[in-house]
Amino acid sequence: MVPLSERPGLRDAVDRLIADNMPPFMAWESPGNWRWHHLYERFAAHQLCVVDADGALLAAANGLPVRWNGTVADLPGGSDDVLVRAVDDDLAARPTALCLLSVSVAREQRGAGLPRLLLGRARRAAADAGWRGVIIPVRPTDKARYPLVPLAEYARWRTPDGAPFDPWLRTHLRLGAEHLAIAERSLTVRQPVKRWEQVLGSPMPGPGPYVVPGALAPVRADADGTATYVEPNVWVVHRT
Ligand SMILES: CC(C)(COP(=O)(O)OP(=O)(O)OC[C@H]1O[C@@H](n2cnc3c(N)ncnc32)[C@H](O)[C@@H]1OP(=O)(O)O)[C@@H](O)C(=O)NCCC(=O)NCCS
C-alpha cells in the first residue's frame, strides 16, 4: 500500500478505477466533483493505493482531514459539503478526523478483504495524528437495487443472522464502525434531461421521479428541462 504522495504517477489510474466502478453520472459536474482534484493536489498523503507486484493499481481510498467534534450534529452534510467546505472554507484546517470520500476495489479483486487493509491504514493514520477517527459517507453498494426504499429504512435491514443487509455496510460494521446518521443530501447532480435520458436508455417525457440504473434514489425531472439526482449516504465512524 502506498499513498499517492509517494507514487504521483498513479493519479490517472485512481481516477479510472473510481470511474470504472461507479455509474457514469457520479463523475458528472457537481459541487464535489468540481473540487475533487484538490484531493490529489493538497491531500495526496491521504489518497491510499493498493498496487500489485508490477505496480498496477488494485484498490484505492480517497481521504482528507476534516474538523469534527464527534457529534452527529457536527457532521458535514455529506460528500459535496465536505469538499466544498474543505476547499472553499476551513473544514480541513485544525483537523480532528479523517474523512474517506471513496473506496474502490477493482472488480477482479473484490471479496479479498482489500477494504480491511485500506480502512485499517486510514484508521492508523488518524490515530497517529491524534484524531477521533475516520468518518465516511458510505454509498451502500446494493441500494441501487432498491431505489424506492428510503435509505434510513434500507440501512436498518438485516440478514437472518442479524448483520446489515447491505454488503458494504456489513463490511464497515464488521470492522468496528458505528452507524451515525443518514446524510440525506450527500451529493447533488443537476443536468439536462437529455443527458439523463442517455443513462436511462429511454425518454423522460415529463416532470416526475425516474428510476435510473445505478442511482440510490429516483432522479427528479423538472419542468425547466433539467433533472436532479440527490444521493443519500450513511455516515459511519471508525473510531481510533
Ligand atoms: C465497495 C467495495 C469497495 C467493497 O469491496 P470488496 O472487496 O467487495 O469488500 P469486502 O471484501 O469487504 O466484501 C464485501 C462483501 O461483498 C462480498 N463480495 C463482493 N464481491 C465479491 C466477489 N467478487 N467475490 C466474493 N465476494 C464478494 C464479500 O464476500 C462481502 O460479503 P460478506 O459480508 O457476506 O462477506 C467494492 O465493491 C467496490 O469497489 N465497489 C464499487 C465502488 C463503491 O461502490 N464504493 C463504495 C462507495 S465509496
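Aspartate 142 touches Tyr154, Asp166 and Pro167, leaving aside residues up to four places away in sequence. The model in which these contacts appear is a predicted one. Aspartate 142 belongs to the loop that runs between strand 5 (133-138) and helix 6 (151-154). With a relative accessible area of 17%, this aspartate is buried, because buried means under 20%.

From this single residue the view may be widened to the chain as a whole. Its secondary structure comes to 8 helices and 9 strands. The radius of gyration is 18 Å, close to the 18 Å that the globule rule gives for 240 residues, and the chain is therefore as compact as a globular protein of that length. Along the principal axes, the C-alpha atoms fill a box of roughly 55 × 40 × 40 Å. Of the 240 residues in the chain, 51% are buried. Among contacts with a separation of 6 or more, 71% are made by residues 24 or more positions apart.

The surface and the charges complete this overall picture. The chain exposes about 11200 Å², and carbon and sulfur atoms supply 52% of that area. The chain carries 28 positive and 26 negative charges, and the mean positions of the two groups are 4 Å apart.

Helix 8 shows how burial is arranged within one element. In this helix, which spans residues 193-200, the buried residues are Val193, Trp196, Glu197, Val199 and Leu200. These residues lie on the same side of helix 8, because they cover an arc of only 160° around the axis. Lys194 and Gln198, on the other side of helix 8, are exposed. The cover over the buried residues of helix 8 includes strand 6 (178-192), strand 7 (208-210), strand 8 (219-221) and strand 9 (226-239). Just after helix 8 comes glycine 201, which takes a positive phi of about 80°.

A positive phi is also found elsewhere in the chain, at a residue that is not glycine. Arginine 94 has a phi near 45°, a positive value in a residue other than glycine. In general, most residues other than glycine have a negative phi. Arginine 94 is placed in the loop between helix 4 (79-88) and strand 4 (97-105). Is this arginine buried or exposed? Its relative accessible area is 58%, so arginine 94 is exposed, whereas aspartate 142, with which this account began, is buried.

Definitions and conventions. Residues are numbered from 1 along each chain as its sequence is written. This is a predicted model: local features need pLDDT of at least 70, side-chain atom pairs count only at pLDDT 80 or more; totals for chains, interfaces and linings use all residues. Side-chain values use heavy atoms; hydrogens and water are left out. Helices (H or I, at least four residues) and strands (E, at least two) are DSSP runs, numbered from the N terminus. Buried means under 20% relative accessible area, exposed over 50%, partly exposed in between (1.4 Å probe, protein chains only). Contact means heavy atoms within 4.5 Å. The radius of gyration is taken over C-alpha atoms; the globule rule is 2.2 Å times the number of residues to the power 0.38. Accessible areas come from the Shrake-Rupley method with a 1.4 Å probe; for residues, only the protein chains shown count as cover. Lys and Arg count as positive and Asp and Glu as negative; His and the chain ends are not counted. The place of a charge is taken as NZ of Lys, CZ of Arg, CG of Asp or CD of Glu. The arc is that of the directions from the helix axis to the C-beta atoms.
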